Amino acid sequence: MGAPHGHVLVVAEELDPTADLVVQALAERAVPTMRFDLARFPQHLDLAAQHDGDRPGWTGHLATSARAVRLEEVRAVYYRRPGLPVIAPEVPEHYRAWAQSQALVGMVQVLGSLPVVWMHHPDVYRAAAHKPGQLVAATACGLRVPRTLLTNSLSRASAWAEGINGPLIVKPVASASITIPGAPPTILPTRRLEPTELDESLELTAHLFQEWVPKAFEVRLTVVGDQMFSVAIHARSAEAEVDWRSDYDALEYEPVPVPDHVADGVCRFQAHYQLNYGAYDFAVTPAGEWVFFECNPAGQWQFIAAATKLPIAEAHASLLQGAIA
Amino acid sequence: MSTITVERRGVPFGARGLQPAYTVAIDPSGFAFDPGRQVNVAPDGSLWAETPMAASSTATNNDTSPGNPPDEQSDPYAFPGDLVA
């Protein structure tokens, strides 16, 4: 079965309202779209991709029970937190991980090699996702960042803290989950501390400390292509002031303008990592200075769109459609 | 929000202060995936995502579970190579 030219592939779970918003926005633009979850592959999704001996590029066919696309006619890929491939139950247990890796690498590498617009390409995401590298890039791009120490040495941490001469924060260096048996899912928010609280347990692994940045408010800056959606997050509780993810009920949202020099720095950061999306977190000090905390190159935006009615889904559709850069 | 109490011995300094993740309880009887429109819809055909719903920066694809970390820095992305290295 053929497919209209120019499909956008939306690779996401079915139970994903954020992906729903993007699919709806694409439909309103009459952009042909095929949505599927990687978890449907290989049992309910057919892939047949071929590569010639002397011409670069995959061609072929990708089909669900309801839709089919030619790979060479794909317009863009929106890859948003899909599930992992689910292997048929008749595959013996010892072969299941192998089979899953074959399905995963096969599908994602073929789609990832298509010369089309991608949002949240895994390779781009991975290159941009980590805080230590981001601090260097952000500073090189002209953004102010907190003074930071990454260490597993108590003596070095204490000496550095003495130089800071004020409160500190500690936050995870990298993403990693902590699952406590019998406990609900957890997050590890940023924690404010005094230098006197430092102890030997920081020598058990690498730690990332920063100076505490006084905040008038924080900003979640969502960048989609060349569009910026800047929203102040006003924290109305002590927990939310340290990390607004700790207390959503205490938050108020307000669109705010981005200073030109900050917008320029963000554009340079996007270009540095070849990003077409970024969810940036800034503190804005009482003096009005914007301080870069981090960028999540695939961060959530539905909560901002819902609170502010900003057209972030429409911006996604525009970019995937090819209407904006 | 409360802090989860766990034993401190052997716990790295930066791993203290775990909190329950902000999760969103949903009623699956209130909507269904429409394979034609490729979105979740309410019985009246309206877009489920446009109904008032709690939302956060964490796990807003509503499938948080043990082993599927809710931290927004822990997007459950599948990276080719990680599983086969």
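Helices, taken as H or I runs of at least four residues, and strands, taken as E runs of at least two, are DSSP runs numbered from the N terminus. With that in hand, let me begin with chain B, whose elements run β-β-β from the N terminus on, so to speak a chain with zero helices and three strands. This is a predicted model, in which local features need pLDDT of at least 70 and side-chain atom pairs count only at pLDDT 80 or more, while totals for chains, interfaces and linings use all residues. Residues are numbered from 1 along each chain as its sequence is written, and chains are lettered from A and ligands numbered from 1 in the order in which they are written.

Of the 85 residues of chain B, 29% count as buried, a residue being buried if 20 or more other C-beta atoms, placed from the backbone, lie within 10 Å of its own.

Turning to chain A, I will take its five-stranded sheet, which is open, antiparallel in its pairing, and ordered E15-E14-E13-E16-E17; two strands pair here if DSSP finds at least two bridges between them. At the edges are E15 (251-255) and E17 (290-296) of chain A, each of which pairs on one side only, and the twist from one strand to the next averages 25°. Strand E14(A), residues 227-235, is joined to E15(A) by five bridges, and Ala235(A) has Leu251(A) as its bridge partner in E15(A). Helix H7 of chain A, residues 260-273, packs on this sheet, touching E13, E14, E16 and E17 of chain A, and its direction makes about 50° with that of E13(A); such angles run from 0 to 180 degrees between N-to-C directions, with axes fitted to C-alpha atoms, for helices over the stretch in contact, and contact requires C-beta atoms, placed from the backbone, to lie within 7 Å.

Lastly, how do H1 and H9 of chain A pack, and at what angle? Helix H1(A), residues 17-28, and helix H9(A), residues 312-321, pack at about 60° with their axes 8 Å apart, and the two are therefore oblique to each other, the class left over once angles under 35 degrees count as roughly parallel, over 145 as roughly antiparallel and 65 to 115 as roughly perpendicular. The contact involves Leu21(A), Val22(A), Ala25(A) and Leu26(A) on H1(A), and, on H9(A), residues including Ala313(A), Glu314(A) and Leu320(A).

Notes. Two residues are in contact if their C-beta atoms, placed from the backbone, lie within 7 Å. A residue is buried if 20 or more other C-beta atoms lie within 10 Å of its own, exposed if 12 or fewer, and partly exposed in between; C-beta atoms are placed from the backbone.
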